[in-house]
Amino acid sequence: MNRKTINTVIILGILSLLSVLSIQLFWIHKTTEAQRITVQIQAREDSLNLKQFSERAHIALRDVLKELNTHDDISANLYGAVKQIRSNYFSVDIEEELHPYYLEQLLKREFDNQSLNQDFVYGIYDCYSDSIVFGNMIKYTKDSSYSVAANDSIRKTSNQLKWKNDGHYFTVLFPKVRSSSIDIEKTNVSPWVYLFVILLLLFLFFLFTLNVILKQKRLSEVKTDFINNMTHELKTPISTIGLSSELLLRGDFKEDPDRLKRYAEIIYKENKRLENQVERVLNVAKLDKEKLALKKESCSIHDLILEAKDSFDINQTDQGGEIDLVLDAEKDVLMVDEVHITNVIYNLLDNAVKYCNVVPQIVIRTWNDSQSFYLSISDNGIGMKRDDIKMIFDKFYRVPTGNVHDVKGFGLGLYYVKLIVEEHGGTIQVKSQPGKGTTFLIKFPLK
């Protein structure tokens with residue numbers, strides 16, 4: 001996937017998010033507007049119903065008061081006697097003592113006449129005895145009748161009401177009647193919360209998808225580079241074997257057995273070279289599928305370094321490379337897998353030679369602290385950029401060299417090094433600058 005395709009995906013993703021945002025904003029605006037209108041209509045209906053309820057309650061209570069009044073001037077006694085304290089709480093002044101059962105029957109009858117159809121509880125205050133008598137909680141049932149509530153705890157609400165301490169009066173409370181108090185702003189908060197959650201999820205999904213695409217792009221580039229490297233690594237020995245085989249088939253070597261032997265040696269060496277390359281790839285694949293089994297034993301790291309230096313000196317006789325040893329570690333005997341640790345050292349030395357465009361100058365240092373053994377390998381090679389340092393331990397990754405394939409390998413060496421070091425409980429770090437060489441620092445625990 002090229003950069004142009006990725007940019008197209010990003011642009012389309014952003015446009016999709018903006019489209020979803022626009023649609024959501026449009027529908028939220030429509031929804032909130034509809035909710036606002038609905039709330040206004042409901043508030044008006046509630047206000048009208050509450051007003052009608054209040055009027056019917058006043059009429060019913062005045063009719064009750066008429067039944068209770070024994071004086072001739074009824075209209076004078078009714079004036080201002082019924083007071084509405086709250087939307088569901090009424091007080092009625094009377095001039096004499098009142099029996100609770102008689103009041104209860106009158107209230108039932110008059111409320112039924114006015115079709116109030118509400119539960120109610122009443123209380124009677126007598127100033128002579130300075131006492132309050134609470135009536136039963138009267139519930140309105142489906143068959144349009146009133147009955148005493150089985151659970152009388154609801155009438156205790158009357159204890160919380162305010163009572164005055166003079167005169168005779170009774171109060172009526174309708175517990176289920178509530179004034180309309182819908183908060184429009186709170187109603188409109190929910191859609192915006194939903195929009196925020198949806199957009200957050202979409203944004204996270206978009207970032208996750210973009211991250212996956214970029215990783216796949218990098219993986220594709222690494223695999224392509226690996227295939228190119230493998231092609232170049234295998235092409236030379238295959239061509240050499242093919243050419244040597246063709247010469248053997250065409251030639252007559254009865255009089256020149258040395259030449260025959262030379263061609264046979266070439267075929268054998270190139271075949272071993274192919275075998276080693278394939279074996280390296282298969283070993284790494286095997287390490288990925290199976291748990292690495294290390295055969296740890298007490299071993300001197302200094303001895304392994306000296307052996308690696310001897311091998312390096314033999315192979316670098318023509319090039320003139322050098323290794324300087326600064327082995328300051330007093331404790332260099334560790335429990336390690338000798339074969340794998342030797343391979344780690346050889347891989348790092350091999351990289352120091354391959355990625356150097358001058359005569360290799362390598363410095364190997366060791367030292368201790370109270371808990372660890374340190375091994376550093378520094379070179380005077382071409383160095384690496386910061387972006388490359390982050391990826392050099394990835395499988396198949398190799399520092400880009402353009403179309404020039406003068407550096408052999410599959411990008412598996414440092415992946416193998418990191419895997420082995422971590423299996424030994426150690427860590428590996430890299431410091432490098434372009435043109436100033438590279439230093440690998442390995443840290444192993446002493447115990």
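pLDDT is the predictor's confidence in each residue, on a scale from 0 to 100. The model here is a predicted one, and its protein chain comes out with a mean pLDDT of 78, with 77% of the residues at 70 or more. Two stretches need some care. Over residues 152–161 pLDDT stays under 50, and the model has 16 contacts there beyond four places in sequence. Residues 181–188 also stay under 50, with eight such contacts. Where pLDDT is low, the predicted coordinates should not be read in detail.

Between those two stretches in the numbering sits strand S6, residues 168–173. Six of its six residues are buried, so S6 is largely enclosed by the rest of the structure. The side chains split neatly by direction: His168, Phe170 and Val172 point one way, Tyr169, Thr171 and Leu173 point the other way, and all of them are buried. S6 has antiparallel pairing with strand S2 (residues 89–94), over six bridges. Strand S3 (residues 120–126) also runs antiparallel to S6 and is joined to it by six bridges. His168 of S6 turns up in both pairings: isoleucine 94 stands opposite it, and so does aspartate 126.

Further along the chain there is an open sheet of five strands, in the order S8-S10-S11-S13-S12, with mixed pairing. Strands S8 (322–327) and S12 (427–432) form the edges, each pairing on one side only. On average, neighbouring strands in this sheet are turned by 15° against each other, ignoring direction. Within the sheet, S10 (residues 361–368) and S11 (residues 372–378) are antiparallel partners over six bridges, and isoleucine 364 has isoleucine 377 of S11 as its bridge partner.

Helix H10 (residues 413–423) lies across two strands of that sheet, S12 and S13 (438–445), and runs at about 140° to S12. H10 also packs with another helix, H8 (residues 338–354): the two axes come within 9 Å and cross at roughly 145°. The crossing is left-handed. On the H8 side, the contact is made by His340, Ile341, Asn343, Val344, Asn347, Leu348 and Asn351, while H10 brings in Gly413, Leu414, Tyr416, Val417, Ile420 and Val421. Sorted by type, the residues of this contact are eight nonpolar and five polar, with no charged ones. H10 thus has contacts both with the strands S12 and S13 and with helix H8.

Key: Residues are numbered from 1 along each chain as its sequence is written. This is a predicted model: local features need pLDDT of at least 70, side-chain atom pairs count only at pLDDT 80 or more; totals for chains, interfaces and linings use all residues. Side-chain values use heavy atoms; hydrogens and water are left out. Two strands pair if DSSP finds at least two bridges between them. Helices (H or I, at least four residues) and strands (E, at least two) are DSSP runs, numbered from the N terminus. Axes are lines fitted to C-alpha atoms, for helices over the stretch in contact, and angles run from 0 to 180 degrees between N-to-C directions. Contact means heavy atoms within 4.5 Å. A crossing is left-handed if the near helix is turned anticlockwise from the far one by less than a right angle, and right-handed if clockwise. Ala, Val, Leu, Ile, Met, Phe, Trp, Tyr, Cys and Pro count as nonpolar, Asp, Glu, Lys and Arg as charged, and the others, Gly among them, as polar. Buried means under 20% relative accessible area, exposed over 50%, partly exposed in between (1.4 Å probe, protein chains only).
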